[in-house]
Structure formats: structure tokens, C-alpha cells
Amino acid sequence: MKKYINKIAVLSLALGVICSCDDDEKVVDQILEEVGTGAVLRTIDEDNDLVFNDETDSFDAGSAYTIILEEQDAEGGALLQSVDIFVNFDDNSPVISGTDTLLISTSEVPLQTLSAADFSQGDRGLPQTTVSYTSDELIAATGIDESLVIGKDRFEFRMVLTLTNGEVYTNTDVGGPVSGGSYFSAPFEYFPVIACSITESLAGTHSYVATNIIPAPGGGGDCSGGDLAGTVTWSETDDEGVYASSDMSFGQFDDCYDGRGAATGEDITIEWDCTNLAPDGEVYLKDGVVIPDDDDEDEEITYNYSITNVSGPEMTIEFANSAGDRGTVVLTREGGVDWPVIFTANN
């Protein structure tokens, strides 16, 4: 046993030193020859098409997860005996009610066993195979209630490689250069996150009431101390689910800083990221005033939004920026229309 562990350590060390300097495939082959043991399942390609629709409470048609794997050992793939694939479901949705039957993470279960016969010779002369699982197959394997899935949940896969000489390898047997290296990329585990289907537009002129407004420390702000009421317009961009905002600060800039102007600009947007709203880009300030784009002489400020509650057409967001301005806003959707059901996962 000691000899076996030492050989794995030597393999990981050698790869860590050489792969960081040279990703040439011949060097990797030489290492395996000289060490005389070890094996990996290299990721050739990975395609995550798992998309859940919160309106139908089901996965979109064609939802699947696919991986192309290449087995590599000291004898050019001749030692390959089998690959066992396991799966579990990781529920990233918070508990909303103590009375409902709620989805929870599952334990790992066997999904499939591949034999050497399930591999064929790839471009490099090594065993290669493609494994693909539909959402229906993954639901059946894990036993989850499909209607309770939500975007940002995920399935988790683990591979166990068994060689004809009795050696067994899995995710706990590889170090960083092997699991995530630029050549090998052989983690023996995969965590495809379930995407959400964009079912409607969030564009509109929404009304807000902002409270607990605090200016950036040392920024010279002097806020009124009262609640701020107004409207903010979210406009569609060329990218689905991504919106330009007329004011990222919900009136805070105008209230706390004389002449600064609304927190907006050409380079900042808000992305509907399943259960969250993710601001992207920078608001630019020059001499304390908002300008539309970057002129290399300005201050750049980024924003962060955290949804804390959703109830019908009202969404509560804690917002802050990189300078230290922050506050809380209750955003009421235009026309009193309910926000998408998927946002209620943040309750």
C-alpha cells in the first residue's frame, strides 16, 4: 500500500512541475512511462444543456448533460477495465415553507458502469467515450420531484476508474495539476448547474421606495435621511435577460451627492441570473459627476444586488456599490404585475 501511494504522489508532483511549464502531450506520455503507474480520465469536452422552466415546473425539451472522456494510463489505455459513474442532486434552493414537501439534496447513487468495450480509439490513439444523460434519466436516477427543481440547483457526477491491474482512481486521488490542469483536466467529478429558462421580460418602468440610505465612507455624501420614492426604467439589450438601468442607485446618488446625477452609463447592465439580479460593468465618475463612458481619468464603481424578499409585484433588494454606498429598496413592478415565480426562491 505504501508503494502504491508513493507512486501516485510522484505522478502528481511530476505533473505539477512539468505541466505548469509545458503542456506538450509528449511530455505527459513520458511522465506516465517513467512513473510506471497512474491513470486519468481526461475531459475532452463538456456540454451542459440542462435548462429548467419555472412556468411549466419542468425541464425544457432536449435538456441533457454530455461529457466526452479519454482514458490514459501507463500502457496507452490497455489497462482500462471499467468506469463507474455516480450521481446525486444538490438542492441550492432555500427552504420556503415548513408545511410543503420540499426538495432536498440526495445521496450519491450509481448511474452507469462503462466497460472497456464502451470506449473506442480517439484521435490520440487512446480510449475515448461520450456519455450523455437526459434530464428525465437524471430525475429517475436521483428520485427527485421535478416540479420542485429551480435554476441554480445542480447535479453532481463522480467517476471511478478501475484498471485491470487492480488500481482504482477517483476524485480523491488527483491533485490540482491533474484535476484542473490545462492539459489533463481530469477532475473525476463534475457539477453542472441547472440554468433557468427566460420566460418573460423584466423591462419596464418600475416604482420604488428606498430606505436605510448610507453614503460611502469618506465620499463627501450628505443624505437627506428620508425615504426615497421614484421610478427606475429597465430597458432590454441585445442579450436575452440583460437590461440597462436608468439608475442603479434607486435615487441615492441624487439624494446624497449634489450634482452627481443618476447611477447609470453605457457599460453597466443587470442580468437576470435565474434567482438573482446580477449587475455587471461600471458606473463612471469624473470629478464626482456621473459620465456615460470611460475616459481613462475617472473613478469606476460597481454594484451588487441581493434579493431578500419577493411578494407578488414587490421585490426587496439590498444594494451596495464598491465605494461603500448602500441601501434597501422595495421595487414594485410596472402595472402591479407579479415578478417571475423563480425569484421567490429568495424568500
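Phe155 is tucked away completely in this predicted model, with a relative accessible area of 0%, so this ring counts as buried. Its partner, Phe89, tells a similar story: a relative accessible area of 0% makes Phe89 buried too. The two rings form an aromatic pair of the edge-to-face kind, with 5.4 Å from centre to centre and 70 degrees between the planes. Phe89 belongs to strand β5 (residues 80–90) and Phe155 to strand β9 (residues 154–163), so the pair bridges distant parts of the chain, 66 residues apart. The backbone agrees with the side chains here, since Phe155 in β9 is the bridge partner of Phe89.

Strand β9 deserves a longer look. Of its 10 residues, 8 are buried, so the strand is largely enclosed by the rest of the structure. Strands of a sheet pair through backbone hydrogen bonds, in either a parallel or an antiparallel way. With β5, strand β9 runs antiparallel, and 10 bridges join the two. β9 also runs antiparallel to strand β11 (residues 189–190), this time with 2 bridges, and Arg158 has Glu189 in β11 as its bridge partner. Then there is strand β10 (residues 168–169), again antiparallel to β9 over 2 bridges, where Leu161 stands opposite Tyr169. β9 and β10 make a hairpin with 4 residues between them, and Gly166 in that turn has a positive phi of about 95 degrees.

A separate, open sheet is built from 3 strands in the order β3-β2-β12, with mixed pairing. Its edges are β3 (58–59) and β12 (195–196), each of which pairs on one side only. Strand β2 (residues 51–53) pairs with β3 in the antiparallel sense over 2 bridges, and Asn53 finds its bridge partner in Ser58 of β3. Cys196 is buried, with a relative accessible area of 11%.

On to the nonpolar interior. The largest nonpolar core has 39 residues, and those with the most contacts inside it are Trp234, Phe250, Phe253, Leu277, Tyr303, Tyr305 and Phe343. Several elements supply at least two residues each, among them β13, β14, α5, β16 (269–273) and β18 (283–286). β21 gives the most, with 4 residues. A second, separate core of 32 residues includes Leu103, Leu138, Ile144 and Phe188.

What does Phe343 touch, leaving aside its neighbours within four places in sequence? Its contacts are Leu202, Trp272, Cys274, Thr275, Asn276, Leu277, Ile307, Val310 and Met315. One of these contacts, Cys274, counts as buried at 5% relative accessibility.

Aromatic rings turn up in pairs elsewhere as well, and the count comes to 11 aromatic pairs. Trp234 and Trp339 form a tilted one, 6.0 Å centre to centre with 45 degrees between the planes. This pair, too, links distant parts of the chain: Trp234 sits in strand β14 and Trp339 in the segment after β23, 105 residues apart. Both tryptophans, Trp234 and Trp339, are buried. Ring pairs also join Tyr208, Phe250, Tyr305 and Phe319 into a cluster.

How many disulfides does the structure hold? There is 1, formed by Cys223 and Cys256, whose sulfur atoms are 1.9 Å apart. The link of Cys223 and Cys256 is right-handed, with 105 degrees about the S-S bond. Cys223 lies in the loop between β13 (204–214) and β14 (228–236), while Cys256 lies in helix α5 (residues 252–256), so the disulfide ties together parts that are 33 residues apart in sequence. Both Cys223 and Cys256 are buried.

Helix α5 also holds Gln252, which counts as buried at 0% relative accessibility. Leaving aside neighbours within four places in sequence, Gln252 is in contact with Ile213, Ile214, Pro215, Leu228, Asp325 and Arg326. A last detail concerns Arg260, which lies over the face of Phe253, at 4.9 Å from the ring centre. The charged end of Arg260 also sits over the ring of Tyr257, 3.7 Å from its centre.

Definitions and conventions
Residues are numbered from 1 along each chain as its sequence is written. This is a predicted model: local features need pLDDT of at least 70, side-chain atom pairs count only at pLDDT 80 or more; totals for chains, interfaces and linings use all residues. Side-chain values use heavy atoms; hydrogens and water are left out. Two strands pair if DSSP finds at least two bridges between them. A disulfide is a pair of cysteine sulfur atoms within 2.5 Å. Buried means under 20% relative accessible area, exposed over 50%, partly exposed in between (1.4 Å probe, protein chains only). A nonpolar core is a set of buried Ala, Val, Leu, Ile, Met, Phe, Trp, Tyr and Cys residues joined through side-chain atoms within 4.5 Å. Contact means heavy atoms within 4.5 Å. Rings of Phe, Tyr and Trp (its six-membered ring) pair if their centres lie within 6.5 Å; planes under 30 degrees apart count as stacked, over 60 as edge-to-face and the rest as tilted. A charge sits over a ring if NZ of Lys or CZ of Arg is within 6 Å of the ring centre and within 35 degrees of the ring normal.
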